[in-house]
Amino acid sequence: MSSLETHTHTHEEGTTEVAGAVPLRSFKPQNKRRVLCAFPRYSYSFGTFNHAFPLMGDVKGFMPPQGILVVTAVIPEEWEVKFVDENIARVKPEEFAWADVVFISGMHIQRNRIHDLTRRAHDAGKVVALGGPSVSSAPEYYPDVDLLHCGEIGDATLRLFQRIDETVERPEQQIIYRTVERLPMSDFPTPAYNRIKVRDYLLGSVQFSSGCPYTCEFCDIPSLYGRNPRLKTPEQVVKELDMLADGGAVSVYFVDDNFIGNPKAAEALLDALIEWQQRPDRDYLVRLACEATLNMAGHTRILEKMQKAGFNNCFFGIETPDPKALKAMKKGQNMRMPILEAIQTVNKYGIEAASGIIMGLDTDTDETPQALMDFADVSQIPIMTVNILYALPNTALYTRLEKDNRVLPAEQAENRDSNIVFLQPYEKVVKAWQKVIAHVFDAENLYKRYAYNAQYVYPNRIKPKNPAAQATWSNISRALGIFRRILWRVGVCSDYRKLFWKMMWHELKQGNIECIFQVAMVAHHLITYARECTQGKMQSSNYSIRRVEEERESEALAAA
Ligand code: SF4
């Protein structure tokens, strides 16, 4: 197949889910193949916690990559497979040489790294197939890749496998496979966790649902994954949690776009999770976290169940505390109750709120930076990630701005962190962003917010019945190693050590050992990363394609 093969369906219109209609899992190839599944490194961000890794000792990456682990699990068993996550280790030349075909998957924030991996695979003479959210949303970003897999796992995956079975020659022209019939999530295999070392990662990851019923102007999730969330069964999720917990995960993040996208289904899952946590062999040893919309605060029964299921953290896309701005971006679900009241409500159930904030909105004024800094202080949210707005393809925002000629073409956006012509000058927006970051992650301000959470939020969490069961030799020695590194790097070497010691004595007196570890590690990352941002070393948007990390990366590689 060397012709350009495309379907004209848009994702939403052309995508259906028909149980059993995609004979993907029964596909029997005729030829032996060697498939290298490679996952590109993430650009650093507030949310990657990379500065906490050296404190952990053995941790090298943030979370196991869900999507490509599922793809790895559906590859026909007749084919040999190698899996490499470049967040853990770089693909070696001999691994490229071994492969017949290289599968890559990634998000927009990995765009530069996807190109780098493709180039290295091509240098080794290998055909490259790319799937995942970024290419599904913007195939035009990847003219260099041979085979594009757009959409979720489904009939496109089957046709891709058939093509690879036929030939592993690079096609003369790019071929695009677009999913029309998706594999139902209840038919998804368990992600190939057997190919990773869970302890290499800061958190375990699980996906329960895909899609979100809301239509925030800047977000591409509804157009990519639909507004009617699709679901795995609670049994699938519990099986995955068992594998992650047995592999040594102590925290697991639900990567769903919106954990309560289908509140009824979320409740049914929570019942299964409560049962799982209450099993004597689990006993709340695994802390859970997720992302959701702020209207969760109005779902009392869900909150009660989340508390019982051991959910400690939830990331909310608060975006802005300004009601006018929320209305303009069509995020009415954040206004069902006053935002501060909503945060205090979830806090009562032991859930620490984390939040995303966007700057560069059309509604921003000269007062916006101060309003955001005040919001951080009064909301007591420790992890408040702040980014400037970026227009993603397949969003209403993109369409609106494009009409007004306010989306810059790629060549003009290359040296900026956003492709938008803001109403305020770009430099002013970035300066305001730096000012907000500097305040939010000033060590004293951050430790104050953590002190609040330690006093009013963490005590509301369910504790294990038998905490002594955690005290295995391996856990004790790991914890001592982490503690030693925290004492040295934060307690001795940092310029905010006084704040650390004050927090440590306070929590130690109350026996909150876990809190000391958590606050010291996460705060260390946030403070260090924020300083890099204010020094202009990091991008102000996660979607920026400005290459600021290459130099640092070559230094790190040289050091390794
Ligand atoms: S609620 Fe979140 S996932 Fe849903 S559309 Fe809005 S930003 Fe996207």
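Which residues does the domain assignment of the chain give to domain 1, and which to domain 2? Domain 1 takes 11–51 + 64–182, while domain 2 takes 188–389 + 433–459. Keep in mind that you're looking at a predicted model. Below is a quick tour of the two domains, the ligand shell, one helix and one loop residue.

**How the two domains meet**

- Measure from C-alpha centre to C-alpha centre, and domain 1 and domain 2 come out 28 Å apart.
- Domain 1 brings 20 residues to the contact, and domain 2 brings 21 residues.
- On the domain 1 side, the elements giving two or more residues are helix 1 (11–14), helix 3 (66–74), strand 3 (80–85) and helix 6 (133–137).
- Helix 3 is the top contributor on that side of domain 1, with 6 residues.
- By type, the domain 1 residues that touch domain 2 split into 10 nonpolar, 7 polar and 3 charged.

**Around the ligand**

- If you want to find the ligand's surroundings, look for C212, Y214, T215, C216, C219, I221, P222, D257, N258, T293 and G317.
- That shell is made up of 6 nonpolar, 4 polar and 1 charged residues.

**Helix 17, end to end and face by face**

- Helix 17 covers residues 426–440, and its 15 residues should span 21 Å at 1.5 Å a residue. The C-alpha atoms at its ends are indeed 21 Å apart, so the expected and modelled spans agree.
- Which residues of helix 17 are buried? They are V429, V430, A432, W433, V436, I437 and V440.
- Looking down the axis of helix 17, you'd see those buried residues fall within an arc of 160 degrees, so they line one face of the helix.
- It helps to know that an α-helix has 3.6 residues a turn, so residues three or four places apart point the same way.
- As for partners, the buried residues of helix 17 pack against strand 15 (352–359), helix 14 (368–379), strand 16 (384–388), helix 18 (443–456) and helix 21 (513–534).

**A stop at S494**

- You'll find S494 in the loop between helix 19 (473–492) and helix 20 (497–509).
- Why does S494 count as partly exposed? The reason is that S494 has 19 C-beta neighbours inside 10 Å, whereas being buried takes 20 or more.
- Setting aside neighbours within four places in sequence, S494 is in contact with R489 and F500.
- S494 and T528 are 34 residues apart along the chain, and their C-alpha atoms are separated by 9.8 Å.

Methods
Residues numbered from 1 in each chain as written. Predicted model: local features only at pLDDT ≥ 70, side-chain atom pairs only at ≥ 80, totals over all residues. Helix = DSSP H or I, 4+ residues; strand = E, 2+ residues; numbered from the N terminus. Expected span 1.5 Å × (residues − 1). Buried ≥ 20, exposed ≤ 12 C-beta atoms within 10 Å, placed from the backbone. Arc of directions from axis to C-beta. Contact = placed C-beta atoms within 7 Å. Near = placed C-beta within 6 Å. Nonpolar A, V, L, I, M, F, W, Y, C, P; charged D, E, K, R; others polar. Domains from an automatic or database assignment.
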